[in-house]
Amino acid sequence: MFVPSCEGCGPQQLQQAVGIVGAVIMPHNIYLYSALVKSREVNRTKRQEVREANRYFFIEACIALFVSFLINVFIVAVFAEAFYEQT
């Protein structure tokens, strides 16, 4: 879609930028939770069981993604300190 560029950046800055993008997008968490939800045993013929399972899957995924978000905020903060040399 686009060609990334960074004028005046060296290999270290580009490596940090790629790390930030990888940390913020979190594709591994989305893939992991889609695989976990699919592998669970749920009686799909009973509507109430499916609703209950969906509710618990949603809560579990939200908690896990929120914890991952907090970790990623710390990662981005560390990289920002490295880029701008400020705390």
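This report describes the fold, confidence, surface and selected residues of a predicted model.

**Fold and confidence**

The protein contains three helices and no strands, and its elements follow the order α-α-α from the N terminus. Averaged over the protein, pLDDT is 75, with 68% of the residues at 70 or more. Confidence varies along the chain: helix H2 (residues 27-39) has the lowest mean, 66, whereas helix H3 has the highest, 80. Where pLDDT is low, the predicted coordinates should not be read in detail.

Helix H3 covers residues 47-84. The UniProt record, an unreviewed entry, assigns the feature "transmembrane region" to residues 17-36 and 57-80. In the model, the span 57-80 is 100% helix and 0% strand, and its end C-alpha atoms are 34 Å apart.

**Burial, contacts and surface**

Of the 87 residues, 15% count as buried. The exposed surface of the protein amounts to about 7,500 Å², of which carbon and sulfur atoms supply 65%. When contacts between residues at least 6 apart in sequence are considered, 62% of them join residues at least 24 apart.

A nonpolar patch on the surface is formed by Tyr 56, Phe 58, Ile 59, Ile 63, Val 67, Ile 71 and Ile 75. Together these residues have about 670 Å² of accessible area. One member of the patch, Ile 71, is located in helix H3. Ile 71 counts as partly exposed because its relative accessibility is 47%, a value between the limits of 20% and 50%.

**Selected residues of helix H3**

Two alanines of this helix, Ala 53 and Ala 82, may be set beside Ile 71. Ala 53 is classed as buried because its relative accessible area is 12%, which is under the 20% limit. Ala 82, by contrast, is partly exposed, since its relative accessible area is 37%. The values for the three residues are collected below.

| Residue | Relative accessible area | Class |
|---|---|---|
| Ile 71 | 47% | partly exposed |
| Ala 53 | 12% | buried |
| Ala 82 | 37% | partly exposed |

Each alanine can also be placed relative to another residue of the chain. The C-alpha atoms of Ala 53 and Arg 40 are separated by 9.1 Å, the two residues being 13 positions apart along the chain. For Ala 82 and Gln 16, the C-alpha to C-alpha distance is 9.0 Å, although 66 residues separate them in sequence. Ala 82 itself belongs to helix H3, the element with the highest mean confidence, 80.

Terms used:
Residues numbered from 1 in each chain as written. Predicted model: local features only at pLDDT ≥ 70, side-chain atom pairs only at ≥ 80, totals over all residues. Heavy atoms only, no water. UniProt positions renumbered as here; feature names shortened; annotations may be inferred. Helix = DSSP H or I, 4+ residues; strand = E, 2+ residues; numbered from the N terminus. Buried < 20%, exposed > 50% of the residue type's maximum accessible area, 1.4 Å probe, protein only. Contact = heavy atoms within 4.5 Å. Areas by Shrake-Rupley, 256 points an atom, 1.4 Å probe, with all protein chains shown as cover. Patch = residues over 30% accessible without salt bridge, like charges linked within 9 Å, V, L, I, M, F, W, Y side chains within 5 Å. Salt bridge = Lys/Arg side-chain N within 4 Å of Asp/Glu carboxyl O. pLDDT = per-residue confidence, 0-100.
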